[in-house]
Amino acid sequence: MALVDLIMPKLGESIMEATILKWAKKAGDSVKQDETVLEIATDKVDSEVPSTAEGVLAEILFNENDVVPIGTVIARIETNAQEPAQVSQPVSTPTETEAEGENEKQSDAVPYSPKPVAERGENEDNNNGFFSPLVLNIAKSEGVPLSELENITGTGNENRVTKKDILQYISDKKSEKNSNTEAQKSVPFTQSTPQAAPKMVASNNSQPTQQTDAPVANEPEQSNSQASASGNVEIIEMDRMRKMIAKHMVNSVQVSPHVTSFAEADVTNMVVWRNRVKKDFEKQEGTRITFMPLFIECLTKVIKKYPYVNASVDGDKILLKKDINIGMATALPNGNLIVPVIKNADYLNLVGLSKAVNSLADASRNNKLKPDDTGSGTFTLTNVGTFGSLMGTPIINQPQVAILAVGAIKKRPVVLETPEGDAIGIRHMMYLSLSYDHRIVDGSIGASFLSEVAREFENWDINRKW
């Protein structure tokens, strides 16, 4: 018999830890190779962790809702092998060298460091002077100062404050504030607070004046709180994904100065071609062909001519991405949005793009996306026309610098230029809108790129096979 360690997998470039949502197996259960053992969640996506060996789940080292660092052993599987498949690692935390390496990778994105020993004092036993980037981000967004953070009792390894700890602290703090607010509402102000006696204050002309103490500053806050929850209102708590989307959108607007350009494209050739080949395509290739792979094929050709839209910004540096990884904004059944990524889209033909698009869309709707499916995107395409919108002003998917929205395809009468003169014809028209980061993409580049994309759409070869 041998024990194989099941390790919390690496879940993306910037992911340091994951939350265990649910164990699909319990200790003593048999597991097969690649069979799902547990479900986990990160700040980007929920995912399943498969077994790395076949055998019996001998030991579970963490409970549901525990936040576990990447690289930590989370369970052990007993196999029939005579020798251990790998050397067991300490359960508590990743090795010191690994931790230092991960910390260095994160230092540019979210600065953090342990407090000097001389400054720790009594707090050293509480949190070990260390806060992960995730905890610091949550504290910053919720307005929790470092002085408060240091006084939170941590339940993580070496008494560190975990994501669960900081969220519980914030929840308790809000509950206490709401309780105090309700208490103030139930007791009239004149009865709970004695009328302050007038103060004598010397003015410039040495004549005494009267000043009365009154807590006026708190009244507007109470008034706003009452207005937001009064009347015939249903209060719905945001789910975890909606909170992440909201934070991501606000952050994008704060980081990037958005500019949006618009163009119109005659996509009649695309519509006619797809209508003609879609049945044969599905029968021969075993997958549906939608407009999305057609758009992506045209898009990748133009991105190669305009590399600045396929980039990111790091301080004063521009990072031009050589890979073209197209993020495909996908709406989930619950109304939330996720962006799976087609890696190296410029290397795929139309069949490959169709299979990738359909596979990722199905995985999104069935909550089967893997963490790697949403990472490393360099440019995002969103089809707002799916829901009937003619056009939109999309928000950039950070850390990218551009996002293209395609609207609904509508039949309209259009003036056509022909060798015999102008004529009016019924054409399939569509609006395109490109939002871009004005820090590195100027209007001339953004507008030229968008116009080129529209021309690629219009020049679709109606006689091609696929």
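Two strands are taken to pair if DSSP finds at least two bridges between them, and by that criterion an open sheet of four strands can be traced in the order E1-E8-E6-E3, with antiparallel pairing. The model described here is predicted. The points below take up two open sheets, residues placed in or beside them, one contact between helices, and a few backbone features.

**The sheet E1-E8-E6-E3**

- Strand E1 (2-7) and strand E3 (30-31) stand at the edges of this sheet, and because each has a single partner strand, one side of each is left without a neighbour in the sheet.
- The pairing of E3 with strand E6 (residues 55-60) is antiparallel and rests on two bridges, and within this part of the sheet Val31 is found opposite Gly55 of E6.
- Strand E8 (residues 73-79) includes Thr79, which counts as buried because its relative accessibility is 7%, below the 20% under which a residue is called buried.
- When residues up to four places away in sequence are not counted, Thr79 touches Met1, Ala2, Val4, Ala53 and Glu54.

**The sheet E5-E4-E2-E7**

- A further open sheet of four strands follows the order E5-E4-E2-E7, again with antiparallel pairing, and its edge strands, E5 (46-50) and E7 (67-69), each pair on one side only.
- From one strand to the next in this sheet, the twist averages 45°.
- Strand E4 (residues 36-41) and E5 run antiparallel and are joined by five bridges, with Val49 of E5 serving as the bridge partner of Leu38.
- Lys22 has its place in strand E2 (residues 17-23) and is partly exposed, its relative accessible area being 46%.
- Once neighbours within four places in sequence are left aside, the residues in contact with Lys22 are Leu38, Glu39 and Glu64.
- Although Lys22 and Glu48 are 26 residues apart along the chain, their C-alpha atoms are separated by 9.4 Å.

**Helices H10 and H11**

- Helix H10 (residues 268-285) and helix H11 (residues 291-305) have axes that come within 11 Å and cross at roughly 130°.
- H10 and H11 are therefore oblique to each other, and their crossing is right-handed.
- On the H10 side the contact is made by Met270, Val271, Trp273 and Arg274, and on the H11 side by Phe291, Leu294, Phe295 and Cys298.
- Sorted by class, this contact of H10 with H11 holds seven nonpolar residues, no polar ones and one charged residue.

**Backbone features in loops**

- As background to the next points, most residues other than glycine have a negative phi, and most peptide bonds are trans.
- Asn65, which is not a glycine, nevertheless has a positive phi of about 75°; Asn65 lies in the loop between E6 and E7 and counts as partly exposed at 44% relative accessibility.
- Asn344 likewise has a positive phi, near 50°, in a residue other than glycine, and its position is in the loop between strand E17 (341-342) and helix H12 (350-365).
- With a relative accessible area of 31%, Asn344 is partly exposed.
- The peptide bond leading from Gln398 to Pro399 is cis, with omega near 5°, and Pro399 lies in the loop between strand E18 (379-383) and strand E19 (402-406).

Note on methods
Residues numbered from 1 in each chain as written. Predicted model: local features only at pLDDT ≥ 70, side-chain atom pairs only at ≥ 80, totals over all residues. Heavy atoms only, no water. Axes fitted to C-alpha atoms, helices over the stretch in contact; angles between N-to-C directions. Parallel < 35°, antiparallel > 145°, perpendicular 65-115°, else oblique. Left-handed = near helix turned anticlockwise from the far one by under 90°. Contact = heavy atoms within 4.5 Å. Nonpolar A, V, L, I, M, F, W, Y, C, P; charged D, E, K, R; others polar. Buried < 20%, exposed > 50% of the residue type's maximum accessible area, 1.4 Å probe, protein only.
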